[in-house]
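I opened the model to look up its contacts, one sheet and one surface patch. My entries follow in the order in which I made them.

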Amino acid sequence: MRRLVFVLLACLLWAMTSCGNQGTSPEPLVNTPTTEEAMPAEVNKLLTENAPPEDEPLPEFDLEYITPFPYDIVDNCDIYSVTFLWGDFFNLGIPELEPMDWSGTLSVNGVAVVHPRFTIDFEPGQDWLVPTNVPSMSAWVSQTSADFDGISFMVFMQRGIEYFAAPMLTFKTEQIEISLDFHQLIKYAAWYPVGETAGVAVLSRLVWQNACPGGLIDGNWTASGLGSGEGTIEGVWYDRLGEPFGLMSGRFWTNEDYTREFAGSLSGYVTDQVLAEYKGKWYYNDIRLCPMCGEGHGIFRGKFVFLADGVEGTLSGTFGDYTLSVDQAMMPMIGRWRVDCPIIVPDDIHSWTD
């Protein structure tokens, strides 16, 4: 029964948050972009100022940031930072210009998640993100008149999938449609003119190429009593194929200075041999009573080490369920584990670990 529950859970997670593979070079577009050197200096300056800096740490490891996507989304995905700006870049501030409708979508024709990280110069009541239940597509409403708008995205592409045709990232609006191969997006900057003074600028880089062992955690986080700040942890570690890897047991507690910690061990799924030890920090984030004081939901993150070879890694996840009572003692726990291994990036691009 436990196995069936996990399979259903894993299917649901990937149905909601599946991520796609890199493909081969696409056919040339009718509107071929100019080279990076030919990008107008004004546009390049605005693009650089509004895109995330290359040396910024990968934000997806912050569990609060990636909500509502599951914590395990980086386990088998390559991740790209892609920023688009659109509008009239050469007549900024001229009020008599006719508005241009840039409402559109950014999508991938593969197993992927397109996550809008932040909007750029969106005006309340005029520009907004449009909710969509398709993980591989993001949508928006935008109009510009002597100004520009934009969005910075994180694009998660699942590894190990074979496609008949290369997956493409497609920017589509009434003004222009642009399709880009993921090989291009490893390091890419381009300018697509629309008319005399308007256009679309894009800046992209690969920030994470993932090939490290990891998987899911499924179990229970059980408090010894309401307000106690302590209790027990039990669960199962699964590998990426959904096979049980080990049994997790441990405890969590609150120190005298109100810091909260957890620790425990991982034993074999069949034998009782101790495979690994783990420890870390946790906290409540249940907002139903007030931020940080409700006890029905929380976050944990920590480190583990395999005893046989000293290999280290990270574990993280959430416990609780907002559909349950705030005084629920046994709370469902779900998370991810991942071995620390070198980040593999092409030699010609900047690594965020530098």
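I began with contacts, meaning heavy atoms within 4.5 Å. In the protein chain, residues 24 or more positions apart account for 65% of the contacts with a separation of 6 or more.

I noted that this is a predicted model, where local features need pLDDT of at least 70, side-chain atom pairs count only at pLDDT 80 or more, and totals for chains, interfaces and linings use all residues. Residues are numbered from 1 along each chain as its sequence is written, and side-chain values use heavy atoms, with hydrogens and water left out.

I then looked up the secondary structure: the protein chain has three helices and 20 strands, taken as DSSP runs numbered from the N terminus (helices H or I, at least four residues; strands E, at least two).

I followed one open sheet of five strands, in the order β4-β8-β1-β12-β11 with antiparallel pairing; two strands pair if DSSP finds at least two bridges between them. β4 (112–120) and β11 (187–194) each have a single partner strand, so one side of each lacks a neighbour in the sheet.

I checked the β4 edge. Eight bridges join β4 to the antiparallel β8 (residues 148–158), and Ile120 stands opposite Gly150 in β8.

Last, I looked at Leu247, which lies in strand β15 (residues 244–254). Leu247 has a relative accessible area of 32%, which I entered as partly exposed (between buried, under 20%, and exposed, over 50%; 1.4 Å probe, protein chains only).
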